[in-house]
Amino acid sequence: MSAFKGLACLILLVTTSSQISAEQKTPLTLQQAVAQAIQKDPWLEGSQYRENATISSSIAADTLPDPVVSLGLANVPTDGFAFDQEPMTQVKAGISQMFPRGESLSIRRKQLEELATQHPFMRLDRIAKTQVAVSMKWLDVYLAQQSISLIEKDRSLFEQLSEIAEANYSSAVGKVRQQDIIRAQLELARLEDRLTKLSSQKERASAELLEWLTGGDSGAFNNSVNVASLELPKTLPEIEGIENAYYKILKANNQQMLANILISHPLIRAVESRIKSSQTGIKLAKQQYKPQWGVNASYAYRADDQMDRSRADFLSIGVSFDLPLFTENKQDKEVSAAVNESEAIKTEKRLVLRGMLAQMQSIFAARERLLERQTLYRTNILQQSSEQAEASLTAYTNDDGDFAEVVRARIADLNARIDALEIEVELLKTNIQLNYFFSEQSLKAVSEFGANQ
């Protein structure tokens, strides 16, 4: 019995030393990871540049083409190249200006301005997706880290059990057999293998998390943190679940209501901006049926003749325009192409909306099952596995139990605690994923839809 008291002291010492070691490091919280990832995301900066470029292009599109200036000599005689020999010899200066068809300039500007409005929504969606992605990686690192912690705490217990079994076997005390010693050593080896596997998972998840946290606006990379030194807090963060109004709609599987909620999502609004721009593109294509006008003016100077008699200069003014008569293979096809492009983007909107609905319902169904498992573990499995482990250990210390049963019970208790941890982490993941689909505008959509109904 004294050996097991020493085992309890050893477990307490290992736990205390690990807590002190953890306190000496600065853990990376989930909020810090998300904020840092958003701050260092070059995609957001690139999106701002693309928006600025589109706005600049819209201003340029609503500008008349530059006038064309022409200078030249006309009707110069080739037998002497004398400027005053022939009355038709002239020095001409002209200017011409073309005007685009109909209202194509203003319509093109409007089209580009509408296209630029998608970028703010795309950035909002990117921020929301970044929060989800970084949170998933952070929780993967946390799960591996805490699973390693649970196994390391139990490893000292299995080492102590192995030592006690060897001591009792050597002194022929109790019911210890050689196979019990081998079993204890085998379980220790399996724990080591499990620790190695979890360490690999943690390092891989840490590398994927650090991918979001390195680099920045200047393009410089920070090498002060690596996959081996990354440490997270020992407690899960508080992540709010979805609003009760959303929960009722998901529970009732109200497809129409969910679709109305998702209409306000940044991803859908970005697609709607493209649809609006494509519809303006149809109006732009229809301008091709209108003629393109141009005006021109020129002034021709004539020198005095060889008898010093004055010659009149010439002034010319003209108007030009084309006649879009043969529209079957040009204008008609351009309008048809614009219409088809607009319909294709509408189809894309339906596909995105359908995919989001399916993802939302799938995540919600998984969350409901996880809540059931969480309740089962909290009220039944964890308590019973712990009691079973304690009971088997007590029976073994009183020479009334089997050593193999002690090991099995301890392994089952460890697995139960790791499974419970996985359930807690997966529940937080579902909360994060569901929160992606809902925003402040979503509550407004819920209230408006309810009023209309």
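Visitor: Where in the chain is the place of Asn-253?
Guide: This is a predicted model, where local features need pLDDT of at least 70, side-chain atom pairs count only at pLDDT 80 or more, and totals for chains, interfaces and linings use all residues. Numbering starts from 1 along each chain as its sequence is written, and side-chain values use heavy atoms, leaving out hydrogens and water. Helices (H or I, at least four residues) and strands (E, at least two) are DSSP runs, numbered from the N terminus. Asn-253 sits in the loop between α7 and α8.

Visitor: What phi does Asn-253 have?
Guide: Asn-253 is not a glycine. Still, its phi is positive, at about 55°.

Visitor: Why does Asn-253 count as partly exposed?
Guide: Buried means under 20% relative accessible area, exposed means over 50%, and partly exposed is in between (1.4 Å probe, protein chains only). Asn-253 is partly exposed because its relative accessible area is 42%.

Visitor: Which other residue has a positive phi although it is not a glycine?
Guide: Look in the loop between β1 (68-74) and β2 (90-99), where Asn-75 lies. This residue is partly exposed, at 45% relative accessibility. Its phi is about 60°, and its name is Asn-75.

Visitor: Is Ser-277 buried or exposed?
Guide: Ser-277 belongs to helix α9 (residues 266-286). Its relative accessible area is 4%, so Ser-277 is buried.

Visitor: Which residues does Ser-277 touch, not counting those up to four places away in sequence?
Guide: Contact means heavy atoms within 4.5 Å. One partner, Leu-115, is in helix α4 (residues 104-116). The full list for Ser-277 is Gln-111, Glu-114 and Leu-115.

Visitor: How far apart in space are Leu-115 and Ile-275?
Guide: In sequence they are 160 residues apart. Leu-115 also contacts Thr-54, Arg-274 and Ser-277, leaving aside neighbours within four places. From C-alpha to C-alpha, Leu-115 and Ile-275 are separated by 8.8 Å.

Visitor: Which element gives the largest share of the largest nonpolar core?
Guide: A nonpolar core is a set of buried Ala, Val, Leu, Ile, Met, Phe, Trp, Tyr and Cys residues joined through side-chain atoms within 4.5 Å. The largest one has 61 residues, and those touching the most other members are Trp-138, Leu-209, Leu-250, Met-360, Phe-437 and Phe-438. Elements giving two or more residues include α5 (118-170), α6 (178-213) and α11 (403-437). The largest share, 13 residues, is from α11.

Visitor: How many residues make up the second, separate core?
Guide: Its members include Leu-370, Tyr-377, Ala-420 and Leu-427. The count of residues in this core is six.

Visitor: What is the area of the nonpolar surface patch?
Guide: Patches are made of residues with over 30% relative accessible area and no salt bridge (a side-chain nitrogen of Lys or Arg within 4 Å of a carboxyl oxygen of Asp or Glu); like charges are joined within 9 Å, nonpolar side chains (Val, Leu, Ile, Met, Phe, Trp, Tyr) within 5 Å. Areas come from the Shrake-Rupley method with a 1.4 Å probe, and for residues only the protein chains shown count as cover. Among the members are Leu-64, Phe-99, Trp-293 and Phe-326. The patch covers about 960 Å².

Visitor: What is the mean pLDDT of the chain?
Guide: pLDDT is the predictor's confidence in each residue, from 0 to 100. Over residues 1-24 it is below 50, and over residues 442-453 it is below 50. Where pLDDT is low, the predicted coordinates should not be read in detail. In the chain, 83% of residues reach 70 or more, and the mean is 83.
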